[in-house]
Amino acid sequence: MAAHASVALLMEEPYGEFGTFNPTGHAAVYLNHVCAQTPTELRMCRPGELGVVISRYHKVNGYDWVAIPLIPYLYSVDTAAEVPTSVTKEQVAAIRDAYRREHLLGIAPSTPDGAAPKGEWIQLVGSSYDRTIHGFMVETTREQDERFIALQNDKRNHGHFNLLFHNCADFSRVVLDTYFPHSIHRNFIADVGMTTPKQVAKSLVKYSRKHPELKMSAFDIRQVAGTVPRSQKIDGVTESVVKRKRYLIPMVVLMPEFTGGVVVAYLVDGRGSLPKEASVFQVNDPQSLVDGRAQASAAPAITTTSGQVSRSTANAKPI
């Protein structure tokens with residue numbers, strides 16, 4: 001294949017009631033030259049295929065990870081031509097269920113009366129109906145992809161999700177470390193040791209600054225228009241506490257010394273903003289994520305606590 005192989009972290013904004021309580025969001029990994037033989041078995045892509053999104057989930061038929069092709073993952077349909085321009089909550093439910101009945105009955109079987117099951121299978125498809133997604137992509141090689149496929153297919157795919165120490169961001173950290181050893185690290189100060197999607201992104205950007213040959217770039221996949229509530233800004237652990245008065249004020253009253261430590265941790269290593277010039281993914285041109293055109297001019301920079309910006313990625317605003 002002529003296009004470069006790439007791996008991208010998908011840092012997905014939080015939404016709904018759980019997103020309000022836990023604004024760290026969701027993390028997934030997009031591989032543009034790796035595809036899904038089944039939702040739990042990987043292979044190299046064939047010409048014309050758009051790659052796969054893989055992530056860890058909580059209570060999805062007992063699996064630790066599930067792989068979904070790019071367009072279904074984003075929009076719950078098989079082709080870009082089928083993507084609606086605007087949706088309601090009821091339409092999203094119907095689109096998801098139609099895709100489930102066609103492709104995912106082995107993972108999310110219907111109830112005895114033939115209805116769609118409850119549960120977290122809805123996170124597998126149609127992510128862009130619920131939230132905006134921020135992507136950070138670096139180049140890989142065919143050999144790295146083949147090694148990753150072999151490792152994942154050989155592992156026991158048995159779920160053991162844990163929000164604090166074995167979550168979706170931890171899975172993304174392990175995937176990226178498989179490609180680039182020791183590239184991703186937890187933040188024991190700003191995130192109290194928990195792996196968050198934002199910290200994985202910051203680690204990947206920092207690693208790419210040291211390895212410009214990876215040609216890091218950034219892109220946004222915007223939430224589909226409609227009446228579905230908009231997703232929320234993504235934060236780290238201490239960042240979410242400091243920015244939300246409903247958490248901060250009671251903590252100041254009940255635990256002033258601890259709260260002071262949280263604020264210091266945020267000020268020292270918890271701040272950061274997203275790239276403001278990332279390219280926008282166009283659903284009518286999904287091949288752009290495979291050949292790199294969607295993010296060719298949007299390499300992200302990162303701001304340190306001193307406000308300095310890396311100039312190795314000068315085409316974009318800081319994160």
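**Exercise 1. A helix and its cover**

What covers the buried residues of α5? Work it out in this predicted model, starting from the helix itself.

*Solution.*
- Step 1: Find the helix. Helix α5 covers residues 142–154, which makes 13 residues. From its first C-alpha to its last it reaches 18 Å, close to the 18 Å expected at 1.5 Å a residue.
- Step 2: Pick out its buried residues, those under 20% relative accessible area. They are D145, F148, I149 and Q152.
- Step 3: Look down the axis of α5. The buried residues fall within an arc of 100°, so they line one face of the helix. An α-helix has 3.6 residues a turn, so residues three or four places apart point the same way.
- Step 4: Turn to the face directed away from the buried side. Here you meet the exposed residues E143 and D154.
- Step 5: Now name the cover. It includes the strands β2, β3, β4, β5 and β6, together with helix α6.

**Exercise 2. Reading the sheet**

Find the order of the strands in the open sheet of 7 strands, and explain why β6 and β11 stand at the edges.

*Solution.*
- Step 1: Trace the strands across the sheet. The order is β6-β5-β2-β1-β8-β9-β11, and the pairing is mixed.
- Step 2: Check the two ends. β6 (63–69) and β11 (279–280) each have a single partner strand, so one side of each is left without a neighbour in the sheet.
- Step 3: Zoom in on one pair. Strand β5 (residues 52–60) pairs with β6 in the antiparallel sense over 6 bridges, and R56 stands opposite W65 in β6.
- Step 4: Add the helices. Helix α6 (residues 168–179) lies across β1, β2, β5 and β6, running at about 30° to β2. Helix α7 (residues 197–210) also packs on the sheet, where it touches β1, β2 and β8. The direction of α7 makes about 145° with that of β1.

**Exercise 3. A hairpin**

Describe how β3 and β4 are joined.

*Solution.*
- Step 1: Locate the strands: β3 spans residues 34–38 and β4 spans residues 41–44.
- Step 2: Their pairing is antiparallel, over 4 bridges; T38 has E41 of β4 as its bridge partner.
- Step 3: With 2 residues between them, the strands form a hairpin.

**Exercise 4. The nonpolar core**

Which helix gives the most to the largest nonpolar core?

*Solution.*
- Step 1: This core has 37 residues, and L10, Y30, Y73, L74, Y75 and L124 have the most contacts inside it.
- Step 2: Helix α2 (residues 70–75) gives the most, with 5 residues.
- Step 3: Follow L74. Beyond its neighbours within four places in sequence, L74 is in contact with residues including Y129, I133, I221 and F281.

Methods:
Residues are numbered from 1 along each chain as its sequence is written. This is a predicted model: local features need pLDDT of at least 70, side-chain atom pairs count only at pLDDT 80 or more; totals for chains, interfaces and linings use all residues. Side-chain values use heavy atoms; hydrogens and water are left out. A nonpolar core is a set of buried Ala, Val, Leu, Ile, Met, Phe, Trp, Tyr and Cys residues joined through side-chain atoms within 4.5 Å. Buried means under 20% relative accessible area, exposed over 50%, partly exposed in between (1.4 Å probe, protein chains only). Contact means heavy atoms within 4.5 Å. Two strands pair if DSSP finds at least two bridges between them. Axes are lines fitted to C-alpha atoms, for helices over the stretch in contact, and angles run from 0 to 180 degrees between N-to-C directions. The expected span of a helix is 1.5 Å times one less than its number of residues. The arc is that of the directions from the helix axis to the C-beta atoms.
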